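Here are my notes on the model, as numbered points. Please keep the structure open while reading.

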Amino acid sequence: MKKLPLLALSLASLLFAGEFETNLAQSVQKAAQVEVKVLSSTPLSSLNNLRFAIIQASDGSQFPLYASSDGKSFIGFSPIMSLSPEDVGRVDALMEELKGAQMRQSAEEKATLSKLFDSLPKERFLFLPSSDKSVKKNLIVVSDPDCPYCKQELGNIEERLKSANIKIIFAPVHDDTAFIKSQLIMDEAKKLKENDVKGKVALLKKYFEKIELSEAQKKTDISKIKDNAAKIFGTGIITGVPFVFEAE
């Protein structure tokens, strides 16, 4: 009979933990408009009624935060909080778990992207060799001619080319005009020599401006660019442009 109170206490703890996780997930979703789940949490004796928690978003990213004991409110993690040695140990243990998970996720994502880019035909990429022939660094840049941030990235391309070879692949996030301009760049680049970096950069800058397309250009086949976008964004890893990936 003495085991009953202990069993009741254990069940109550499980119910409390479940309620905390549910409340915290709902609180974060309401504030950030993203679905999350609580991976782990620990009470903090030095911060009254607060718990330290690790949560994971629907895209797989993980991050730490402080939450009220009922999970109905939370604040971002800050290392300047004054914690007892015992709490520091608890937080450090969970942060090490988080670091390990992030490293595993990073390695898995890099492997997924490497496999994806290796699977795409060579002609889908616009190759810009570095001005330094001894350079071994290779960058893949996912871009969109109608993206203002991609245009800014293009402004840095000559500097990047001093230390890396660059392959550009188009996966627009804007309307069909961006897809047409992407294919026009690839079509016109075929007329240039592979090492004509100056000509290719000029071509890019031409189509990264707002230009009026001719009726003939509007009929350009954009199926290959559509396929690029479907495969690249289908990974769930790349969600916007520009995206720069360092290849092996």
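1. Start with the largest cavity. About 100 Å³ of space lies inside it. A search of the whole structure turns up one cavity of 30 Å³ or more. Bear in mind throughout that this is a predicted model.

2. Which residues lie nearest the centre of the largest cavity? They are V141, E153, L154, I157 and I168, out of 13 lining residues. Four elements give two or more residues to this lining: β6 (138-143), α3 (148-154), α4 (157-160) and β7 (165-170). By class, the lining has ten nonpolar residues, one polar and two charged.

3. I168 deserves a closer look. It is one of the residues nearest the cavity centre. It is also listed, with F117 and L204, among the residues with the most contacts inside the largest nonpolar core. Leaving aside neighbours within four places in sequence, I168 touches R124, F125, L126, L128, V141, S143, I157 and L204. Of these partners, V141 and I157 also lie nearest the centre of the cavity.

4. Now the largest nonpolar core itself. It has 42 residues. At least two residues each come from α2 (85-119), β5 (126-128), β6, α3, β7, α5 (176-189), α6 (197-207) and α7 (223-234). The largest share is that of α5, with six residues. Another core lies apart from this one and has eleven residues, including F20, A53, A57 and A67.

5. Next, α6. Its buried residues are V197, G199, K200, V201, L203, L204 and Y207. What covers them includes β5, α3, α4, β7 and α5. L204 is the residue to note here, as it also appears among those with the most contacts inside the largest core. K200 is a buried lysine in this helix, and it also helps to line the largest pocket.

6. That pocket comes next. About 290 Å³ of space lies in it. Its lining consists of K122, E123, F125, L126, F127, K167, M186, A189, K190, L192, E194 and K200. β5 and α5 are the elements that give two or more residues to the lining. What is the make-up of this lining by class? It has six nonpolar residues, six charged and no polar ones. F125 and L126 belong to the pocket lining, and both are contacts of I168.

7. Turn to N23, in helix α1 (residues 3-32). Is N23 buried or exposed? It is buried, because its relative accessible area is 13%, under the 20% cut-off. Beyond neighbours within four places in sequence, N23 is in contact with D70, G71 and K72. V38 is 15 residues from N23 along the chain, and their C-alpha atoms are separated by 9.9 Å.

8. Last, the whole protein. It has seven helices and eight strands. Of its 248 residues, 39% are buried. Take the contacts between residues at least 6 apart in sequence: 69% of them join residues at least 24 apart. The accessible surface comes to about 14,800 Å². Carbon and sulfur atoms account for 55% of that surface.

Notes
Residues are numbered from 1 along each chain as its sequence is written. This is a predicted model: local features need pLDDT of at least 70, side-chain atom pairs count only at pLDDT 80 or more; totals for chains, interfaces and linings use all residues. Side-chain values use heavy atoms; hydrogens and water are left out. On a 1 Å grid over the protein atoms alone, a cavity is a set of points where a 1.4 Å probe fits but cannot get out, and a pocket is an open set with protein on both sides within 12 Å along at least five of seven lines; lining residues have an atom within 4 Å of a point. Grid points are joined across faces, edges and corners, and a volume is the space filled by probe spheres set on the points. Ala, Val, Leu, Ile, Met, Phe, Trp, Tyr, Cys and Pro count as nonpolar, Asp, Glu, Lys and Arg as charged, and the others, Gly among them, as polar. A nonpolar core is a set of buried Ala, Val, Leu, Ile, Met, Phe, Trp, Tyr and Cys residues joined through side-chain atoms within 4.5 Å. Buried means under 20% relative accessible area, exposed over 50%, partly exposed in between (1.4 Å probe, protein chains only). Contact means heavy atoms within 4.5 Å. Accessible areas come from the Shrake-Rupley method with a 1.4 Å probe; for residues, only the protein chains shown count as cover.
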